[in-house]
Amino acid sequence: MDAQAYLAERTPLVDAALEAWLPAVTEPPVALHTAMRHLIFPGGKRLRPALAFAAAEAVGAPPARAVEMAAAVELVHTWSLVHDDLPCMDDDDLRRGRPTVHKLFGEAVAVLAGDALLAAAFEGLAHSVEHHEPARVAAALRDLAHAAGSRQLVGGQADDLAFPRDGATAAGVESVQRRKTAALFAAAVVGGARLGGGDGASLERLRRFADDVGVAFQIADDWLDRDVDEACSLVRVIGADAARARAESLLEDALAALEPFGARAAALRELARFAVWRDR
Ligand code: GRG
């Protein structure tokens, strides 16, 4: 099955959880709840949820075992997009082909909607203790909180905003990308495998896989935006061809980490290739 077909097949699974977790738009505060759902539905590619499902499959579990991880990661991702689009950050008018949350609902509601999406992620994931070992759920919560926090996603964003135009190095760019983008990929994959019952050695291999795929995904994003002048972009620092070569080399490393999983990791392999070769 190719990645697009896998994404299409798994998206209804995560969407059902998101639908159940998020308050209805009729529930007060109506503007806040409408704003929370605005970017979630119909949503984007749902790549991070698909990675969580595929990771559960890689350790021999049915994909549904990872549904709470998939939904939680998508909520954290969407929080970061809502806040990233704000005037004080990237100041974007469009996201997922639609007006950004602050454009439709105002800045204050957008800040609050992002905050509430983040909280909803942890509330929903915590509920998975109803059908998973508590220690696995606690570890998944810990990893997701770490990935979202100041040492990973938020810290990566802080360094991205302050990224120097002069004297930038490839290592400096990759350090930001590992935190801003790859950390959430790793939380999705490791968390999906954790809830799928994976052992420690499998989780460690999958973490290396996801970390490399996450950086390669971000480099591919920079490559697709190669005409945009971004300070923290590998394309700007080493050029488009060298950046593409680096993404391909990271993809090779990622695929090598999957070797012991054999056919069970077929979906992860397809998603990794898609992350690097997608056209948007
Ligand atoms: C402001 C809290 C805060 C965090 C900002 C993750 C992040 C940090 C900002 C998001 C903006 C951005 C360009 C991040 C890099 C990751 C990325 C390319 C996101 C887009 O991911 P896709 O392509 O989007 O998977 P869809 O819409 O398909 O889910």
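The ligand has 18 residues around it, and Lys45, Arg48, His77, Arg96 and Gln218 come nearest. The model is predicted. Three of these side chains have polar contacts with ligand oxygen, listed here.

| Residue | Side-chain atom | Ligand atom | Distance |
|---|---|---|---|
| Lysine 45 | N or O | oxygen | 2.5 Å |
| Arginine 48 | N or O | oxygen | 2.8 Å |
| Histidine 77 | polar atom | oxygen | 2.8 Å |

Gln218 also belongs to the group that comes nearest to the ligand. Glutamine 218 sits in helix 10, which spans residues 200–224. Is this residue buried or exposed? Glutamine 218 is buried, because its relative accessibility is 9%, below the 20% cut-off. Beyond its neighbours within four places in sequence, glutamine 218 touches Gln177, Lys180 and Thr181.

Lys180 also takes part in a helix pair. In helix 9, Val176, Arg179, Lys180 and Leu184 form one side of the contact with helix 8. The helix 8 side consists of Leu153, Gly155, Gly156, Gln157, Asp159 and Asp160. By class, the residues of this contact are three nonpolar, three polar and four charged.

The geometry of the pair comes next. Two packed helices are described by the angle and the distance between their axes. Helix 8 covers residues 153–161 and helix 9 covers residues 170–195. Their axes come within 7 Å and cross at roughly 145°. The crossing of helix 8 with helix 9 is left-handed.

Lys180 thus appears in two settings: it is in contact with glutamine 218, and it meets helix 8 as part of helix 9.

Methods
Residues numbered from 1 in each chain as written. Predicted model: local features only at pLDDT ≥ 70, side-chain atom pairs only at ≥ 80, totals over all residues. Heavy atoms only, no water. Helix = DSSP H or I, 4+ residues; strand = E, 2+ residues; numbered from the N terminus. Buried < 20%, exposed > 50% of the residue type's maximum accessible area, 1.4 Å probe, protein only. Contact = heavy atoms within 4.5 Å. Axes fitted to C-alpha atoms, helices over the stretch in contact; angles between N-to-C directions. Left-handed = near helix turned anticlockwise from the far one by under 90°. Nonpolar A, V, L, I, M, F, W, Y, C, P; charged D, E, K, R; others polar. Near = heavy atom within 4 Å. Polar contact = N/O pair within 3.5 Å; in protein donor to acceptor, adjacent residues only side chain to side chain.
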